[in-house]
Amino acid sequence: MREFALVFILSLAAFGQSGRVAPIVPDARSAPDEPSAEKLFEEADSYQKKKFLEFSRNKLPYSEQLHRATLLEQKQLAAKNAAILNARKQLTDADTYFLGMLHWLAGNSDAADDALGKYALREKTDKVKLQTARHILVVIAARRSEFDVAEKTLGAYLAADPVSLTERIRMESELAQSYRAAAVWQKAAAHAEEAYRGVKANFQKLSSRTLALQDLHDFGSLVFEIYRDAGDTAKAEKTLEELRKTAGFVESTTIYYYAVDKMVSLLTETKRKPQAIEYYQKALKESQADFTAQGWKDDILRRLARRAKQYSLLGETAPELVGVAQFLPSETKTLTDLRGKVVLLDFWATWCGPCYKAFPLLSDWHDKLAADGLVVLGLTRFYGQVDGEQATETAETAFLAEFRKTQKLTYDLVLSRDVTNQVNYDALSLPTTVVIDRKGVIRYIETGTGKEEELGKAVRKLLAEK
């Protein structure tokens with residue numbers, strides 16, 4: 001579990017989170033000692049930071065549940081303070097600004113847009129507050145796909161001072177993602193490139209190397225994915241190669257591995273398998289010169305080397321399943337029988353803790369996407385034991401049949417007699433996921449967890465192919 005004093009948690013407070021919180025309507029206040037609008041905002045804005053520092057002093061361990069609960073409390077406080085401020089009869093320009101910021105912090109985008117929009121139209125405004133208001137207005141408009149409004153407001157922001165690099169990155173990123181969702185590729189790429197440039201310029205300024213590397217990874221991959229999805233293969237390749245070189249310069253084996261892995265996959269996907277293998281072999285050699293410390297050299301070599309066989313399988317006809325004892329609960333099939341379907345093979349075992357995380361998602365996909373042509377198969381093998389006790393195939397089959405019911409798995413399990421299928425698919429490490437297209441060709445193969453979004457995109461892409 002991560003250390004409690006998380007930098008990213010403390011940085012969340014100033015900007016609105018998703019999920020609107022209904023305001024609590026208070027009695028109108030008119031006492032001379034009532035808190036100012038700025039104080040009301042500061043109270044809500046600093047709530048998370050103060051709470052987590054308090055938790056840290058009390059040695060309360062971090063948990064996602066605690067984080068979510070604290071975030072909700074902050075939203076509720078922001079909504080309450082917004083209602084207090086809104087109940088006042090006459091609001092100054094500054095009051096209107098802080099009202100908008102409170103609504104934003106509470107997740108009330110409509111009210112934030114209204115208040116900050118009014119503030120931005122005032123003749124006499126604080127330059128810094130005006131820029132912050134414009135920044136949030138761009139984000140809101142981008143999320144609504146109100147592109148003309150977002151672009152106009154972004155233009156006003158860039159024509160004024162001061163320009164915050166952090167705010168610029170966020171605005172460009174939001175527009176890039178919204179244009180991407182609308183398949184407006186040229187605009188998406190332009191804004192993603194601007195965000196990526198900002199991240200690289202901001203790299204040395206961030207106090208946390210972890211956050212700086214995460215931004216570099218996120219925005220570099222965003223640019224690549226937009227060009228890839230737009231079909232601009234040349235720019236997608238250029239982005240990945242530049243990202244690989246940058247990763248070597250900042251000495252990040254994670255980003256370096258990502259860039260190489262995606263390049264091999266892209267070259268294979270675009271029917272250039274020989275070039276993909278050549279690039280992989282080149283990266284193996286160059287990685288040793290691109291990193292200085294021996295630990296990094298060893299790490300990147302280990303990461304890349306363990307993908308060798310999986311890369312060789314990509315773009316090739318899937319090996320037939322062999323040594324299958326039984327399908328549960330259906331009758332036994334072959335991969336040849338399933339041609340015309342998109343087949344997802346999930347290699348797992350009952351003793352593999354991370355494997356369990358995929359069960360609900362795979363069952364959901366089986367239920368929802370079977371009609372579109374998806375077949376999910378959970379591949380395991382006989383281990384000769386049940387709950388630590390020696391067991392026959394019959395006893396182990398009965399155990400797995402009951403296990404399937406207990407875990408509410410709606411797709412078939414495939415029981416193999418030996419390790420041959422795992423060897424053939426380089427799935428000795430579990431879990432390993434393989435996706436085979438309608439023609440029987442392997443189009444995706446990954447080991448490990450945490451790639452659900454990427455896997456979902458791969459499945460839906462192959463289902464769309466006819």
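**Notebook: helix pairs, cavities and a pocket**

I began with α9 and α10, which are roughly antiparallel to each other. The model I am reading is a predicted one. I looked up the angle behind that description: helix α9 (residues 165-181) and helix α10 (residues 185-202) pack at about 155°, and angles over 145 degrees count as roughly antiparallel. Their axes are 8 Å apart. I noted the crossing of α9 and α10 as left-handed.

Next I listed the residues in this contact. On the α9 side I found L165, T166, R168, I169, E172, S173, L175, A176, Y179 and R180. On the α10 side they meet W185, K187, A188, H191, A192, E194, A195, G198, V199, A201 and N202. Sorted by class, the contact of α9 with α10 has 11 nonpolar, five polar and five charged residues.

**Entry: α3 and α4**

I then took helix α3 (residues 47-57) and helix α4 (residues 64-86), which pack at an angle of about 145° with axes 9 Å apart. The crossing in which α3 passes α4 is right-handed. From α3, the contact uses Y47, Q48, K51, F52 and F55. From α4, I wrote down L66, H67, T70, L71, E73, Q74 and L77. The class count for α3 with α4 is six nonpolar, four polar and two charged residues.

**Entry: α12 and α14**

How do the axes of α12 and α14 cross? I found that helix α12 (residues 233-250) and helix α14 (residues 273-290) come within 10 Å of each other, measured by nothing but their axes, and cross at roughly 25°. That angle makes α12 roughly parallel to α14. α12 passes α14 in a right-handed crossing. The residues I listed are E241, R244 and G248 in α12, which meet Y279, E286 and D290 in α14. By class, this contact of α12 with α14 has one nonpolar, one polar and four charged residues.

**Entry: cavities**

How many cavities of 30 Å³ or more does the structure hold? I noted three. The largest cavity has a volume of about 200 Å³. I counted 16 residues in its lining, and A358, T433, G448, E452 and L455 lie nearest the centre of the largest cavity. Four elements each supply at least two residues of this lining: β2 (342-347), α17 (359-369), β8 (442-447) and α20 (452-464). The lining of the largest cavity divides into eight nonpolar, four polar and four charged residues.

I looked at the second largest cavity after that and recorded a volume of about 60 Å³. The second largest cavity is lined by A318, L335, L338, R339, K341, V343, I436, D437 and G440. By class I have five nonpolar residues, one polar and three charged in that lining.

**Entry: second largest pocket**

Last, I turned to the second largest pocket, with a volume of about 240 Å³. Elements that give two or more residues to the lining of this pocket are α6 (109-121), α7 (127-143) and α8 (147-158). Which element gives the largest share of the lining of the second largest pocket? I found that α6 does, with four residues. The full lining is D113, G117, A120, L121, R134, L137, A141, R144, E146, V149, K152 and T153. I sorted the lining of the second largest pocket into five nonpolar, two polar and five charged residues.

Note on methods:
Residues numbered from 1 in each chain as written. Predicted model: local features only at pLDDT ≥ 70, side-chain atom pairs only at ≥ 80, totals over all residues. Heavy atoms only, no water. 1 Å grid on protein atoms, 1.4 Å probe; cavity = no way out; pocket = protein on both sides within 12 Å on 5 of 7 lines; lining within 4 Å. Points joined across faces, edges and corners; volume = space filled by probe spheres on them. Nonpolar A, V, L, I, M, F, W, Y, C, P; charged D, E, K, R; others polar. Axes fitted to C-alpha atoms, helices over the stretch in contact; angles between N-to-C directions. Parallel < 35°, antiparallel > 145°, perpendicular 65-115°, else oblique. Left-handed = near helix turned anticlockwise from the far one by under 90°. Contact = heavy atoms within 4.5 Å.
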